[in-house]
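Me: I have a model open and some labels to check. Please take me through the reasoning behind each one.

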Amino acid sequence: MIEELEQLLLQLTQPDNAVIQQATAQLKQAFKDPTIIPALCAVMRGSQSPEIRQSAAVLLRLRVRKHWNKISPDDRESLKAVVLQAFTTETEHKVQHSLSQLCAAMVKHETPDRWPALLQLLNQSTKSTNPHDRQVGLLLLNKVIESNPEPFKPHYCQLLQLFNTLLQDYNNPTALYYCILTLNAMVIYTGTAEVKEMRAIVPSLIDALKHLIKANQEQATEAMEVLIELMEIEVTIIVPHITDIVHFCLAVGSDTTLNDALRVKALSCITFLIKLKSKSVLRLKLLGPILQNLFPILTAAPSPGQHDPDDEEEEDDVEPSESDNPKHSAAQMIDTMALHMPPEKLFHHLLPLTKACLTSQDPYQKKGGLVCLAVLAEGCADYLCSKMLQSVLQTVCQSLSDSNRLVRSAALFALGQFSEHLQPEISKYCAEVMPLLLEYLSSLNEESRNSICHVTKAFYALESFTENLGSDIEPYLPTLMHTMLSALNNAEHLKIKELAVSAIGAIANAAKELLVPYFPPVIESLKRFLVATTDDMMPLQNQSLDTLSVLARTIGKDVFSPLAPECIQLGLNLTDAIDDPDLRRCTYGLYSAVSTVCPESLTPHLTAITTVMQLALKSKEGIMAHLEEDKTFVLLDDEDEDDDDDANKEGKEAEEDPLEDESETDVHDVAGFSVENAYINEKEDACDALGEIALSTGVAFQPFLESSFQQVLEMTEFPHEDVRRAALGALGQFCQAQHKVWTENPSEINHQALLNMLNVVLPRLVSAVRTDRERQVVMGVLETINGVVKSCKEEVFRNPSHLKEISLLIRDVLRKKTICQGSGNDETDDEDQQAEYDAMLQEYAGEGIPLVTSSVPADQFAPYLHDLLPLLMNKTKSTCTVADRSFSIGTIGEILHALVNVSGGRGLAGRLSNGLLPVLVAGVKDQDAEVRNNSVFGLGCLAQAAGPLIASDYPMMLSVFSKMLAKEYDLRVRDNLCAALCRMIMSNKDAVPLDQVLPAVVSNLPLKEDQEENQTVFTCLTMIYKHTPVLVVNLMKLIVAASSHVVGHKEVNKEAQSTVVALMKELAQDHGAEFQAAAASLPAEQQAKLAVAISSS
C-alpha cells in the first residue's frame, strides 16, 4: 500500500486536473482502509520526495484534526513516535513546517503531560548548541503552543527564562521570529506568576525585533504584534519600558527605507499605548519627542515618481482611511492624542509645529498642518471653540483658495471636521463659510473631471456645515437646491448624483419645513433612482433610501404621511429583489424614520420587517475564518464527509464519542476571524431600528417584542463596539416601549412585563458601563440609562437594588473607576486636567443624578446624593476647565430643580443649602457666561426648592442678583436672573420686596434667549396678580408688550403660551381700559398677534 499511496500523492502534484481528480477519488477509497495511518506514516518518513513527505503530513493532520477518535490507540502511539522521529531527521523546512502543524493538531488531543517525548524534544532542540536545531525546535514550540496554549502554562516561567536567552540569538533571525510568535501566543494566559519574568524579557524583545527588522521586514511586522498584545492583555508588563518602546517604534516609523506595513505597525503600537497609558506618556515627557518625529511623517512629500496617498484614495474616502500608510497612521495618532490627553498639554507641544506647517510654502507641509487641525476637532472641541476657533477657521478658509489641490482638499476635510464637531459655535460663521462652499459647488463638473475624491471632500464639508445651520440656511436654500437638483438631473458621474442626494439629506436636517417647496422634484428623482435595476446604481439607491429617511423625519408629518405606505412597500420590494447588507441596512433606517411620523403605516408589515431584522442579527454571514490550510489539499478534505456517510450507513456512529463530532472549521486551525463592515453596519442599524420602531408603534409591536428582545440581547456581547452600543441602546428603548404600552393600557400583565424587562436590562446596562473598554459604548449606555430613568421614572426603582446600583455606578464614573476610564491602571490623575472625552463621559453620568432625584422620594436618595454632591463640587474650582465648571454647577442646579416636585424635597434642599450656597454664589462671579448662567439658575432653584427654610439667605441672594442685573451683559444670563427672582417670589413671596423686585424683572422682559423660562416668569406674574393685582396692573404696559412677543413664538412651548394668554384674558376682563391702552401702544403686527391669541383660546 505504501508504494501505491506514494504514487497517488505524486499524481496530486501533476499539472493535469483529470489526473488530480482521479488520484483524489482513489485516495478517498484508500482512507477507508484501516492501515492508512501506518502507511501515511511510512511515506512521511521514507519518501525521497519532499513534496510527497509534506503531502503525507498534511493528510495525517486532516485526519487527526477531524477524526482523532477513529484512529486506534496503537496507531495514535505509533503516530506520536513517528512524527517526532520524522521531525528530527527532516532537512526540508517546508516539510518541517507541516510536521510541526501535525504535532500542533495532535497536541489538542494529546496534551503535553501525556506526550513526554514531545516535551523532551522541545527541551533538547531549543537548548541545542546547533543554530538550525534551535530554529526548528522553536518552530515546533511555536506551533504546538499556538494550537493549545493553556496546557503549557505550568512551563511558562521556565520558557520565559529560556526566551530571554534565545532572544539574544541575533545571528538566527528565523529563531527570533518563532520565539516572538510563541511569546505572543502565551501572553493571553499570563498570570501573576509570569508577570515578573515577562517584564524582564521586554528589553531583549526590543533588541530582537531590531535585528529581525534587518533580516526580514515581513516577519518583523508580524512579530511586532506582540507589543500590542502585551499592552492589551497585561499593560503593567510594559509600563517600566514605555520610554524604550516609544523610542524604538518612533525609529521604525520614521525610517523611510523600511516598508509601509512595518512603519504602520510601529506607529500603531504608539497609538495604542497612548490610548491605554496617555498619562504615563505625558509624565515621561514623551509627547514632545513623539510629535517631533510624527510631523516629518505627516508632511513628507512622496518619493520621486510616486503620488501622495490621498491622490490614490477610493472615491468615497473622506477621512483618512484605515492606517494603511505612515501618513494616515501619523494623523490617526494625533487624533488619538486629542481624544485621550488634556488639550492644554497637547496644544503646548502641537501648536508650534502646526503653525510652522501652515506658514510654509511647501504644499505638503500646509496639507499636514490642515490635517492636524482637522483630526484635533473631535477630541479637543471645547478647547478649539473657546481659545482659537476664529483664527483656525480663518486659516482653513484661506486654504480653500490655495493654488494646490492637495491643500484645498485638506482644507475641505478640515472644514468638514470642524463643522461636525465644533457645534454650535462654528455655525455663527455662516456668512463667511457658506459663500466659499457655494462657490466650490458652482464648478462641480469641472472639478469632478479632475478629481472625484476632491469633490467628495467638498460635499463632505458642505453637508457637515449645512446640517447644523437650522433656519439660518434659509438665505442659501434657493442656490443650494438649484445646484443639487441640477446635479440629480444633469451630472455625468453617478458619484456626483450620490453626493447630491446625500447633501439634500443634510440640507433637510437644517431646513425642515422650509424644504417643502422643493419636495416634489426631490421625491421624483429619488423614486427614479430607486426603481433602477443595474448594479452600478446600488450606491445611489442606498443613499436615496438614507435621504428619504431624513425627509421623513424633517419635512413634516402632513407632507410625508401620504407617501409613508409607498415608502414601506418600496423598501420591502427592494430587499426581496436584492440580497445586499447595505441595501437592507438602509431600508431599516427608512422603516424606523417612517415609524416616527406615521407608525400606523408600518403595522401591517411588522411581521416581514422584524423577521428580516432578526435574521440579520442571527446571521453569521460576512464572518470569515482565515484558515492556516495548505491550499493544495482542499479537495482531499472532502473525504471526511464520505467517510462519515459510510460510517453512518454501517451503523457505526454509536461507537463514536459524541463530543468528537467537530465542525468543519476547527477554531484552533483558524488564524483569525474578520467580519465584513457591511454586515457589522447592518447589525448595528437593525438594533437601532428595532428599538425605535418598538417605541414608535407601541402596542402593535407587542407580538414581536419578546423575540426582538432576545436577539438584541445576544448582540450586547458582540465583538464590534458599534453593534454593542446599538444593542444596549435598543434594550433601553424596549423598556421605554413597554412602559408606554403599560401607561396606555394599564394592566397587571403589562406592568409585570415592564418590571421583568427592567430587571433584565438594567443590570446588563450597569455591567456594560463598568466593564466595556470603549468610551463611546459607555457614553451611549449612560445615555440609555438616563433615557430609561427619564421615561419610566419610579418604575425603575420598584426593585430597590436598582437605586443602589445606578447611584454607585454614577459615583464610580465620577471617580473614574470604570474599565474604560483606566481603572486599575496605576496612573496618577490630574483632577483639573483631563481629555475632553473623559470629561464628557462624566457629564453623561452626572446628567443621571437629577433624573434619579426626580424619580424617588428625597429621603431614599439622600444618602447617595450626599456621596455624589462632593464629587460635583470638586469640579467647580477655578482651576477646573470651563466645561467642568459649567457641567458641575449646571447639574447641581438641575438636582435642586428636581427636588421642587418630589416628596421630602424641600427638607433635603434646606439641609443642603449651607454647602451649596457658597458654591453657587461664587459661580455667579465666574468669567464665563455659561457658568454664571448655570449658577444663577441653581440659586433660583435652591430658593424654589427650599423656600422658607432659607429665608435668612434671601437678602444676600437679592443683593447678588441686583448687582448682577446692573452690570451683566450676557442676554441669557439676564433672562435667567429674571427667572431666578421669580422662583424666589413663588417660593416665599413674603421674603421678597415685590414693589422693588417686580419692576426690575418686568423691565427686562421680553426674554431674549432662554425662551423656556417664559413659563417660570408668567406663572410668577399670574400668582402675583392673584394675590396683589395692583402690582401687575401698575406694570400693565410692559407686561402686555412682553406677552405680545411670547404668543406665537416658535421657540416657546404651548404650556407657556397658554399661561401667557390666560393672564392676558384676565387682565383684559378685569382691567379692560388699561389693557386696551397697553395693547394700543404696540406695533400693529404685535397687536394683531395678541388679539388672535386671546380670541382663539
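**Labels and the values behind them**

Reply: Phe 734 is a good place to begin: its relative accessibility is 0%, so it counts as buried. Keep in mind that this is a predicted model.

Me: What makes Phe 701 and Phe 734 a stacked pair?

Reply: Two values describe a pair of aromatic rings, the distance of the centres and the angle of the planes. Here the ring centres are 6.5 Å apart and the planes meet at 20 degrees. Pairing needs centres within 6.5 Å, and stacking needs planes under 30 degrees apart. Both conditions hold, so Phe 701 and Phe 734 are stacked.

Me: How do you know that this pair links distant parts of the chain?

Reply: Look at the positions. Phe 701 sits in the loop between α35 (677–697) and α36 (702–715), while Phe 734 belongs to helix α37 (residues 721–744). The two are 33 residues apart.

Me: Is Phe 701 buried or exposed, and how do you know?

Reply: Its relative accessible area is 2%. Buried means under 20%, so Phe 701 is buried. Phe 701 and Phe 734 also form one aromatic cluster with Phe 704 and Phe 709. The whole structure has seven aromatic pairs.

Me: Why is helix α41 called largely enclosed?

Reply: Count its buried residues. Eight of the eleven residues in α41 (residues 836–846) are buried, so the rest of the structure largely encloses the helix. Among the buried ones are Glu 836, Tyr 837, Asp 838, Leu 841 and Gln 842. Across the chain, buried residues make up 57% of the 1097.

Me: Why are Lys 512 and Lys 793 called partly exposed?

Reply: Partly exposed lies between the 20% and 50% cut-offs. Lys 512 has a relative accessible area of 37%, so it is partly exposed. Lys 793 has 35%, so it is partly exposed too.

Me: What is the phi of each of these lysines?

Reply: Most residues other than glycine have a negative phi. Lys 512 has a positive phi of about 50 degrees. It is found in the loop between α27 (494–511) and α28 (519–530). Lys 793 has a positive phi of about 45 degrees. Its loop runs between α39 (775–792) and α40 (800–814).

Me: Which omega goes with the cis label on the bond between Gln 423 and Pro 424?

Reply: Omega is about 0 degrees there. Pro 424 lies in the loop between α22 (405–421) and α23 (430–441). A cis peptide bond also joins Leu 1005 and Pro 1006, again with omega about 0 degrees. Pro 1006 is in the loop between α49 (994–1002) and α50 (1014–1027).

Me: How do you know that the chain agrees with a compact globule?

Reply: Set its radius of gyration against the rule. A compact globule of 1097 residues would have a value near 31 Å, and the chain has 35 Å, which agrees. Along its principal axes, the C-alpha trace spans about 120 × 70 × 60 Å.

Me: What makes domain 1 and domain 2 touch, in terms of residues in contact?

Reply: Contact means heavy atoms within 4.5 Å. By that test, 14 residues of domain 1 are in contact with 13 residues of domain 2. The domain centres, taken over C-alpha atoms, are 29 Å apart.

Me: Which feature does UniProt place at residues 916–954?

Reply: The unreviewed UniProt entry gives "repeat: HEAT" there. In the model, that span is 69% helix and 0% strand.

Definitions and conventions. Residues are numbered from 1 along each chain as its sequence is written. This is a predicted model: local features need pLDDT of at least 70, side-chain atom pairs count only at pLDDT 80 or more; totals for chains, interfaces and linings use all residues. Side-chain values use heavy atoms; hydrogens and water are left out. Rings of Phe, Tyr and Trp (its six-membered ring) pair if their centres lie within 6.5 Å; planes under 30 degrees apart count as stacked, over 60 as edge-to-face and the rest as tilted. Helices (H or I, at least four residues) and strands (E, at least two) are DSSP runs, numbered from the N terminus. Buried means under 20% relative accessible area, exposed over 50%, partly exposed in between (1.4 Å probe, protein chains only). UniProt positions are given in the numbering used here, feature names are shortened, and annotations may be inferred rather than shown by experiment. The radius of gyration is taken over C-alpha atoms; the globule rule is 2.2 Å times the number of residues to the power 0.38. Domain bounds come from an automatic or database domain assignment.
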